[in-house]
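Got a model open and want to talk through its folds and holes? Let's go through it question by question.

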Amino acid sequence: MMRETEMHEAEISPAGEIMVNKQNIGRIEGFRLALTGENPAGLPAIKAELAPLVTAWYEQQAERFAAAANADMAVDQDEFVRWAGWLIARLIPGEDVLHPGFVLLADDETGAQAREKMAQRVRRFIAFYCETTLKPLFDLAGAEALTEKPRFIALRLVEQLGVVPRREIAAELKELDQESRAALRRFGVRFGVYHVFLPALLKPAPAQALTLLWALKNNAQARAGKSDIVAQLMAGRTSFAVEEGGDRAFYRLAGYCLLGKRAVRIDMLERCADLIRHAQTWRPGKAAAPRPDGAYDGKYFTISQAMLSILGAKPEDMEEILRQSGYKARPVSKVDYRAFLQKNETAAEKAGEINRPAAEPVGDWPAQTAAIIPRQSDENAFVPAAEPVGSKFASSDKAAGEIILLWRYQRRPYKKPHKKEQKRPLSSAPDKAGQALRDNRGGVAAAAGKRFAGQQQKAAATGKAAAAGNSAAPQQEQRAAERTGSPGSNQRRNFGKPRNFDGRKQGKPVNIEDSPFAALAALRDKMRQ
């Protein structure tokens with residue numbers, strides 16, 4: 001154990017090096033002491049002797065840390081808050097994903113005042129880090145001026161961290177008017193074909209923050225793919241093969257959509273969908289605009305080079321992406337494909353070929369080569385096409401054997417939620433009246449059936465009594481059938497209009513048995529007999 005006289009020779013350098021008796025026994029890293037003495041058994045005693053000096057150093061260090069700039073601090077992928085490379089705090093789950101907590105990393109020699117200054121500075125930095133990196137989400141969460149319907153979309157985006165499949169909120173999107181859509185677009189929301197998302201979050205820094213905070217909240221730090229997927233985004237990959245064993249949630253947090261064995265970045269997928277829509281909306285015609293790349297007949301399209309370059313995929317990878325997106329292929333031969341394009345060639349395309357200007361020579365090239373290359377007349381200007389040599393090439397027709405796939409979207413079945421579930425209020429309170437109605441639906445139907453059966457029995461009894469009191473019922477029934485077009489017992493049913501139909505709205509039918517004309521008709525029949 002060190003003597004008291006030796007403590008006067010201990011000092012801490014500005015770099016944090018601890019010198020005792022002119023020997024370096026360790027250093028201070030942030031707010032933690034790291035001793036490296038040769039005698040491990042004596043380290044606890046040395047640490048106890050240095051406690052007052054280290055405590056005073058921590059007080060000064062806390063002052064410097066409280067005044068540190070945000071640029072000097074960072075959050076690494078291991079969930080640590082660093083200051084000048086030193087570990088200051090570790091993130092822990094908070095009340096929600098966007099508001100994590102923290103634990104200070106400091107020795108016991110750190111005083112209460114120093115700890116309070118550290119905690120305040122770490123709290124401000126974490127709030128700055130989250131609100132700056134994930135600003136679009138915080139703006140949507142605080143958009144109190146939005147009305148109920150766009151507010152619901154905004155909360156869903158915040159809840160799912162910036163990406164919501166369009167199918168999940170299709171009913172709510174149909175109810176949005178243009179003004180509500182414009183209000184959400186001002187917050188950076190984009191309405192795509194497959195997703196409603198925030199493009200500003202599809203960058204390495206926001207994706208890294210979302211992945212870190214989500215893994216922290218869901219205790220998924222050790223799951224596979226946490227850092228590899230973000231590395232693909234940082235490398236600028238618009239699509240790549242899905243690795244086995246990776247957590248699918250990390251792909252969505254990094255801004256990728258899984259389509260089979262391929263992960264495609266969401267914004268690039270929407271750009272490809274725009275190209276497909278442009279190719280499918282084109283219609284062939286004489287006055288039509290030039291044919292877009294991939295357009296065919298206005299219904300089908302083919303994979304163009306622009307689609308491949310946007311997604312950074314090969315043709316076979318693109319075919320898998322289209323199939324997983326809901327498109328169906330129809331194969332045609334290359335000969336038929338070319339014949340159809342040539343037959344439906346637009347006027348703009350023909351004019352472009354006919355009116356294409358000839359290449360002009362640059363410099364004095366024609367003057368120098370006039371004596372070398374003689375000018376040919378128009379009669380001798382025709383050069384015959386090259387003929388294939390050998391039997392191998394003479395009988396081969398590659399175009400006839402090649403196949404081109406024509407693609408068209410095939411709507412996939414999707415089970416829509418119930419209308420009452422679609423229009424469920426934003427509050428989580430259950431719909432007690434609606435639930436009671438659903439529970440009593442069987443009883444209400446049974447009661448309605450009983451009432452209908454009673455009415456049928458009553459009508460049958462009334463008919464029997466009327467038939468018993470009138471002997472001319474058959475003749476009256478026949479005449480009634482002739483007048484109204486209603487079938488009798490032995491007549492074929494007449495679906496035409498009655499004889500006395502005047503085109504006006506028919507009222508309640510008249511009971512012929514109670515009519516005085518029916519009695520006169522019966523009396524006339526008796527007199528004829």
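A quick definition before the cavities come up: a cavity is a set of grid points where a 1.4 Å probe fits but cannot get out, and its lining residues have an atom within 4 Å of a point. Keep in mind that this is a predicted model.

Q: How many helices and strands does the chain have?
A: Of the chain's 529 residues, 36% count as buried. Among contacts between residues at least 6 apart in sequence, 59% join residues at least 24 apart. As for the elements, the count is 23 helices and 16 strands.

Q: In the open sheet of 4 strands, which are the edge strands?
A: The order across this sheet is β1-β2-β3-β4, and the pairing is antiparallel. An edge strand pairs on one side only, and that fits the two ends of the order: β1 (11-12) and β4 (32-35).

Q: Which residue in β4 stands opposite isoleucine 28?
A: Strand β3 covers residues 23-29, and 4 bridges join β3 to β4. The two strands run antiparallel. Across from isoleucine 28 you'll find leucine 33.

Q: How many residues lie between β7 and β8 in their hairpin?
A: β7 (residues 86-96) and β8 (residues 99-104) pair in the antiparallel sense over 5 bridges. One facing pair puts alanine 89 opposite leucine 104 in β8. The link between the two strands of the hairpin is 2 residues.

Q: Is aspartate 107 buried or exposed?
A: You'll find aspartate 107 in the loop between β8 and α3 (112-133). Leaving out residues up to four places away in sequence, aspartate 107 touches Phe31, Arg32, Leu33, Tyr58 and Arg115. The cut-off for buried is under 20% relative accessible area. Because aspartate 107 has 14% relative accessibility, it counts as buried.

Q: How far does α3 reach from its first C-alpha to its last?
A: α3 has 22 residues, and at 1.5 Å a residue the expected value is 32 Å. Its buried residues include Ala114, Met118, Val122, Phe125, Ile126 and Tyr129. The end-to-end reach is close to what's expected, at 31 Å.

Q: How far apart are the end C-alpha atoms of helix α5?
A: Helix α5 takes in residues 148-159, which makes 12 residues. At 1.5 Å a residue, α5 should span 16 Å. The model agrees, with the end C-alpha atoms apart by 16 Å.

Q: Which elements do the buried residues of α5 pack against?
A: The buried set in α5 is Pro150, Arg151, Phe152, Ile153, Ala154, Arg156, Leu157 and Val158. Just after the helix, leucine 161 takes a positive phi of about 60°. The packing partners of those buried residues are α4 (135-141), β9 (163-165), α6 (170-174), α7 (178-185) and β11 (195-197).

Q: Why is one side of β9 and one side of β10 left without a neighbour in the sheet?
A: The open sheet here has 3 strands in the order β9-β11-β10, with antiparallel pairing. β9 and β10 (190-191) stand at the edges, so each has just a single partner strand.

Q: Which residue in β11 stands opposite arginine 190?
A: β10 and β11 run antiparallel, joined by 2 bridges. Facing arginine 190 across that pairing is phenylalanine 197.

Q: Which element gives the largest share of the lining of the largest cavity?
A: A search of the whole structure finds 3 cavities of 30 Å³ or more, and the largest has a volume of about 60 Å³. Two elements give two or more residues to its lining: α11 (266-281) and α13 (315-324). The largest share is 4 residues, and it comes from α11.

Q: How many charged residues are in the lining of the largest cavity?
A: The lining includes Tyr194, Leu269, Cys272, Met318 and Ser325. By class there are 10 nonpolar residues and 1 polar. The charged count is none: no charged residues.

Q: How many charged residues line the second largest cavity?
A: This cavity holds about 40 Å³ of space. Its lining is Leu161, Gly162, Val163, Leu198, Leu201, Leu202, Leu210, Arg252, Leu253 and Gly255. Arg counts as charged and Gly as polar. The residues divide into 7 nonpolar and 2 polar, and the charged count is 1.

Note on methods
Residues numbered from 1 in each chain as written. Predicted model: local features only at pLDDT ≥ 70, side-chain atom pairs only at ≥ 80, totals over all residues. Heavy atoms only, no water. Pairing = 2+ DSSP bridges. 1 Å grid on protein atoms, 1.4 Å probe; cavity = no way out; pocket = protein on both sides within 12 Å on 5 of 7 lines; lining within 4 Å. Points joined across faces, edges and corners; volume = space filled by probe spheres on them. Expected span 1.5 Å × (residues − 1). Buried < 20%, exposed > 50% of the residue type's maximum accessible area, 1.4 Å probe, protein only. Contact = heavy atoms within 4.5 Å.
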